Amino acid sequence: LVNSTTFDDLAHRIVHECLVSLQAAHTLAVSRLGKLEADLFLIKHLLILGNQITEFDIEYVPSDVHFDFSGISEVISLLRNGGVTLDRANLLNLAKISVPKVVNNMFDAKEELYAKLRNTIHSFTEEAVKIIIAPITRPECTPETALADTRQLRENAAMELPKLRKLMLDNYLDDIRTVDILIDSIQDLVIQSYEEYHDKIISEAARISKESGKDETDVIDGLMEVEGLMAWFGDIIG
């Protein structure tokens, strides 16, 4: 019943206000549910909102136009402090400074929504990974503790990944494909962190070996290869 430009403008602003409301709810959820579940809560509702706006053809990107009069305060400050002389050149310069500038703040509700979703998924996966990789990110990690560290890493993964998958499916996400994508992202980040840990331990073992004269393999206690961890993850995820 209204022209498309008016509808698009209203739609963008309404979606933006929905996102502001969801962010406020997420802040409250963090204090009540913890960071991990609060992120899942936000992901769930951002996906719902995303599904809702796909029903509408929202393409026009409105511009929020306002005038910036901040130059006038600069002129007043210069005059007050005696920082200018009233000759022709300086008067022209003052005129240029004081002219209000048109500012265009373009915002697109769809892009804002998808950016918020991407950032929240990133936050969620990072938080989940942090729990799993805790044993290999301790400052005390050494070649001598590698066996215990990697064993604890696998125990964390074997416990946390099924628990997270169940939490997502039971309470937040009913799309198994979305859940699998999130679990795969967590797995990839864990493996990436393990590669960094593996390189660090190998480097440290080489240093100790050089100083002590021992063979590198004698310095490292049961360090799992990256490919071995990837294969192990494949079994767990499967």
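1. A residue is called buried here when its relative accessible area is under 20%, exposed when over 50%, and partly exposed in between. With that in hand: of the 238 residues in the chain, 30% count as buried. Bear in mind as you read on that this is a predicted model.

2. The overall layout. The chain has 9 helices and 2 strands, and going along the sequence you meet them as α-α-β-α-α-β-α-α-α-α-α. Take the contacts between residues at least 6 apart in sequence: 75% of these join residues at least 24 apart. On the outside, the chain exposes about 14500 Å², and carbon and sulfur atoms supply 56% of that area.

3. Now the inside. The largest nonpolar core has 44 residues, and Phe124, Met168 and Ile186 are the ones with the most contacts inside it. Two or more residues come from each of α1 (4–33), α2 (35–53), α5 (109–132), α6 (146–172), α7 (176–212) and α9 (226–237). The top contributor is α7, with 10 residues. As general background, nonpolar side chains in soluble globular proteins tend to be buried together.

4. Met168 is a good place to start looking around that core, as one of the residues with the most contacts inside it. What does methionine 168 touch, once neighbours within four places in sequence are set aside? Its partners are Leu40, Phe124, Leu173, Val179, Leu182 and Ile183. Phe124, in that list, is also among the core residues with the most contacts.

5. Next door in sequence to Phe124 you'll find threonine 125, which sits in helix α5. Is threonine 125 buried or exposed? Its relative accessible area is 4%, so it counts as buried, the cut-off being under 20%. Leaving out residues up to four places away in sequence, threonine 125 touches Leu182, Ser185, Ile186 and Leu189. Leu182 turned up among the contacts of methionine 168 as well, and Ile186 is another of the residues with the most contacts in the core.

6. A check on α7 itself. Why does its length look right? It has 37 residues, which at 1.5 Å a residue should span 54 Å; the C-alpha atoms at its ends are 53 Å apart, so the two figures agree. Just after α7 comes glycine 213, with a positive phi of about 85°.

7. At the other end of the story, isoleucine 176 belongs to helix α7. Its relative accessibility is 47%, so it counts as partly exposed; the limit for exposed is over 50%. Apart from residues up to four places away in sequence, isoleucine 176 touches Arg165 and Leu169. With arginine 165 the separation is 11 residues along the chain and 9.2 Å between C-alpha atoms.

8. Over in helix α1 there is valine 15. At 6% relative accessibility it counts as buried. Which residues does valine 15 touch, not counting those up to four places away in sequence? They are Leu49, Ile53 and Ala109. Valine 15 also lies 9.5 Å from aspartate 108, C-alpha to C-alpha, although the two are 93 residues apart in sequence.

9. Last, a look at the surface. Leu1, Val2 and Phe7 form a nonpolar patch there, with about 390 Å² of accessible area together. Of these, valine 2 is in the segment before α1.

Conventions:
Residues numbered from 1 in each chain as written. Predicted model: local features only at pLDDT ≥ 70, side-chain atom pairs only at ≥ 80, totals over all residues. Heavy atoms only, no water. Core = buried A, V, L, I, M, F, W, Y, C linked by side-chain atoms within 4.5 Å. Buried < 20%, exposed > 50% of the residue type's maximum accessible area, 1.4 Å probe, protein only. Helix = DSSP H or I, 4+ residues; strand = E, 2+ residues; numbered from the N terminus. Contact = heavy atoms within 4.5 Å. Expected span 1.5 Å × (residues − 1). Patch = residues over 30% accessible without salt bridge, like charges linked within 9 Å, V, L, I, M, F, W, Y side chains within 5 Å. Areas by Shrake-Rupley, 256 points an atom, 1.4 Å probe, with all protein chains shown as cover. Salt bridge = Lys/Arg side-chain N within 4 Å of Asp/Glu carboxyl O.
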